[in-house]
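Hi,

Here's the structure I promised to pass on. Have a look at it first, then read my notes underneath.

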Amino acid sequence: MRTIRLLACFVALFCVTSAHAAEIALAGPIRTIRAVGAKGEGNAAAANAWQTIVKRADPGDLIDLLKSMNGANDLATNWFRSAVEASTDAALKAGKKLPVNDLRAFLLDRDNDPRPRRLAYELIARVDGKQAASLIDGFLDDPSVELRRDAVARVLKQADGAIKKEDKIGKFRTALNAARDVDQIDHAAEQLRELGQQVDLARHFGFILRWSLIAPFNNADGVGFAAVYAPEKKVDLRSAFEGKDGKPAKWVKFVSDDAYGMVDFNKPFGELKGVVGYAFTEFHSDKAREAEIRLGCKNAWKLWVNGKEVWAREEYHRGMRIDQYRLKVNLKKGKNTILFKACQDERTYSWTKQWQVQLRVCDATGTAILSTDRPSQVASR
Amino acid sequence: MRRIALTVLLISIIIPLGGADWMRFRGPGATGLALDAKVPTKLDAKKHIAWKADLPGRGLSSPIIVGDRVIVTASGGRDQTRLYVICFNAKDGSKRWERQFWATGRTMSHRKTCVAAPSPTSDGKFIYAFYSTNDVICLDLDGNLQWLRGLTHDYPNASNSLGMSSSLMVVGDTLITQVENDSESFAVGLDTKTGVNRWKMSRPAAANWTSPILLKRKGGDLALLQSSAGMTAVEPKTGKVHWQFRDGASTIPSGVVGHGLIMIPSNGLTALRHIEGSEAPEIVWKQSRLGPSTASPIAVGDHVFVTNKVGVISAANVKDGEVAWRLRIQGPFSASPVAANGHLYFVNEKGLLQSVKIGAGEGELAGSIDLGQTVLGTPAIAGDALYVRSDRTLWKIAE
């Protein structure tokens, strides 16, 4: 009995020591890869580190590699991803087994970053498709949008196949509430409407509908993008200015009735060309928080939050879509101001008429963050 | 005249003879030529589809072939955020390896195109992949990562909401790419060993989907960068500008070098000649009736061939641009033509691969294979085989 205990202690000590040794062996290469930066900084050293990792072809390294992706920048994350893939290829080719239980534990720990968790899922799926499939239902509220998408797809399929109307409604409503991808949201919303249900898509996305707009300022020859017009200096919704060609520019209230939150400058001001307009709103946050402003716009534009320029983009009529641009912002508790500048060019093709933006506030997963003073649900959208 | 003759002599013309690797968009020197490759001419689906392989995502990029490896890029997943590099065995189409990366730049594009629109390239030792997201990835031939760059990560306004498609060109130890768009527009030469910038130059702030081409000369090769403004000849390693052609050019089909001339889609088609030491090239001829549509021109023998929107091929004399004959086949084409075995090969957007016999007299349709899928990428030729890819499939066409 004593011998067995001693043996068990020895085995346990060996395992701990081996794991510790692996951790030490990987520490340097991981540190090197995490240090890669912009403009190729650290690439040469990272290539050596990558080779060191991959040559080990040790499945026992996978969890450490996945953990090393937590908080890493996008470039380092890709270095680690390919190291995990190459190590896994080599390990499987050598007949080694992946640590599926450890991968599962890593995957299910939502404190880990979404991308390495998704990669852990794909590794499990590679060697144990049945187990991977069994996990999907649990991803319906997952912070990883990729994992969540699989769960929503499954619910949508169930909803499509359901016979009873109330079952279909229940499933589609579940799918809609969980969905963060536009195609899945549209699918669920369309089916719910066909079933006689009311859906407020603008609320689901978090599109801001209530704005004050002002136009037209001059953008002949594209000068308006760089020009600093009065609203950029101070927003006073009672003020009026002399706009392009002497036309009056004054603030007007605008409430979008579009399900996807389109704010169309052509509606209050007419189809003007070579002009600049501004949209202003106040957004009330229940707490100080990090957030994303996501917008789609096919005009040149600038965005300010709380008076600070967040981003500027000088591109005209190359296309727009929901969440075309994702911008990280910090919201204050209480009132925040959002000022958007939309520049319309002078071309007169049918595809250059649009002068519009759709803008929403959400978290990193795309879950809507609503202004605390937003009116209650609008059923018709 | 003597100076011109001397210049012509100094320019070594690339006429690939076939069997060699095909390591970039439109192959050796971006000519589209593999003249001695014994590719089937009387195309027959039952006899000539050697194999086909599934692809994990979309792509307009051309396959490249390095030795016995066929390398293809693709984009897939949610919003095309997943970038793929896949390596197949040329012999049987089996997969050797696959690598995936997350896009670091914007993935939006027009629905006709996709993130994997630019073609990868190789210098025979390493593979360089590029995407509309401006991710640049260098792998060795066994899929080992050498370096990566996120050019939108580095230059955040560098993107085109319609998508980008300029393909890479490697010259010596410099990798050249054009990241040209309405906003943050530039070209960059990267050190092939580390991916670090050797040089970066501002480019016209206008969307541009053309790819760099190479002018071989004894004084050192020049990279020719086309844009809406015209063409700029630069030293690949330093980015030093040698000359500029300022008469405007197309932003979709790229130029081609042949017979000592640079034939550029500009005012129809314009033939330029490099003059050593001059700040501008000589304009040899212009032919307004030779304006190519999406597909780039190709020069074979004494003719340069262009295709228009409705599938009409125009064959013009390289010496003066005069049209010799025209032939209508089934278009429209997004893919550029390639040439081998006395034939031109065209694949239209519906996936109809067509061979056209050229040589003495007028061209004639020799055969076709209906691949049955949308094909927008330019074929590749190596080892007596033609490789064509769609959004779902890679085909090898061979005897």
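Below is what turned up, starting with chain A as a whole and ending with some backbone oddities. One caveat up front: this is a predicted model.

**Chain A overall**

Chain A has 13 helices and twelve strands. Its radius of gyration comes out at 26 Å, well over the 21 Å that the globule rule gives for 381 residues, so chain A is more spread out than a compact globule. If you want dimensions for a box, the C-alpha trace of chain A spans about 95 × 60 × 40 Å along its principal axes. Buried residues account for 50% of the 381 in chain A. As for contacts, take those between residues at least 6 apart in the sequence of chain A: 74% of them join residues at least 24 apart.

**A helix pair in chain A**

Next, α9 (residues 165-178) and α10 (residues 182-194) of chain A. Their axes are 9 Å apart and the packing angle is about 150 degrees. Angles over 145 degrees count as roughly antiparallel, and α9(A) and α10(A) therefore fall into that class. The crossing of these two helices is left-handed.

Who touches whom? On the α9(A) side the contact residues are A:I169, A:F172, A:R173, A:A175 and A:L176, and they meet A:I185, A:H187, A:A188, A:A189, A:Q191 and A:L192 of α10(A). By type, the residues of this contact divide into eight nonpolar, two polar and one charged.

**Cis peptide bonds**

Two to look at here, one per chain:

- A:A215 and A:P216 are joined by a cis peptide bond, omega about 0 degrees. A:P216 sits in strand β1 (residues 210-218) of chain A.
- B:G331 to B:P332 is also a cis peptide bond, with omega near -10 degrees. B:P332 belongs to the loop between β25 (323-328) and β26 (338-340) of chain B.

**Positive phi in chain B**

Now for a couple of backbone angles you may want to inspect.

- B:H259 is not a glycine, yet its phi is positive, at about 55 degrees. You'll find B:H259 in the loop between β18 (256-258) and β19 (261-264) of chain B. With 40% relative accessibility, B:H259 counts as partly exposed.
- B:D384, another residue other than glycine, has a positive phi near 60 degrees. The loop that holds B:D384 runs between β30 (380-382) and β31 (385-389) of chain B. B:D384 is partly exposed too, its relative accessible area being 32%.

That's the lot from me. Shout if anything is unclear.

Cheers

Methods: Residues numbered from 1 in each chain as written. Chains lettered and ligands numbered in written order. Predicted model: local features only at pLDDT ≥ 70, side-chain atom pairs only at ≥ 80, totals over all residues. Heavy atoms only, no water. Axes fitted to C-alpha atoms, helices over the stretch in contact; angles between N-to-C directions. Helix = DSSP H or I, 4+ residues; strand = E, 2+ residues; numbered from the N terminus. Parallel < 35°, antiparallel > 145°, perpendicular 65-115°, else oblique. Left-handed = near helix turned anticlockwise from the far one by under 90°. Contact = heavy atoms within 4.5 Å. Nonpolar A, V, L, I, M, F, W, Y, C, P; charged D, E, K, R; others polar. Rg over C-alpha atoms; globule rule 2.2 N^0.38 Å. Buried < 20%, exposed > 50% of the residue type's maximum accessible area, 1.4 Å probe, protein only.
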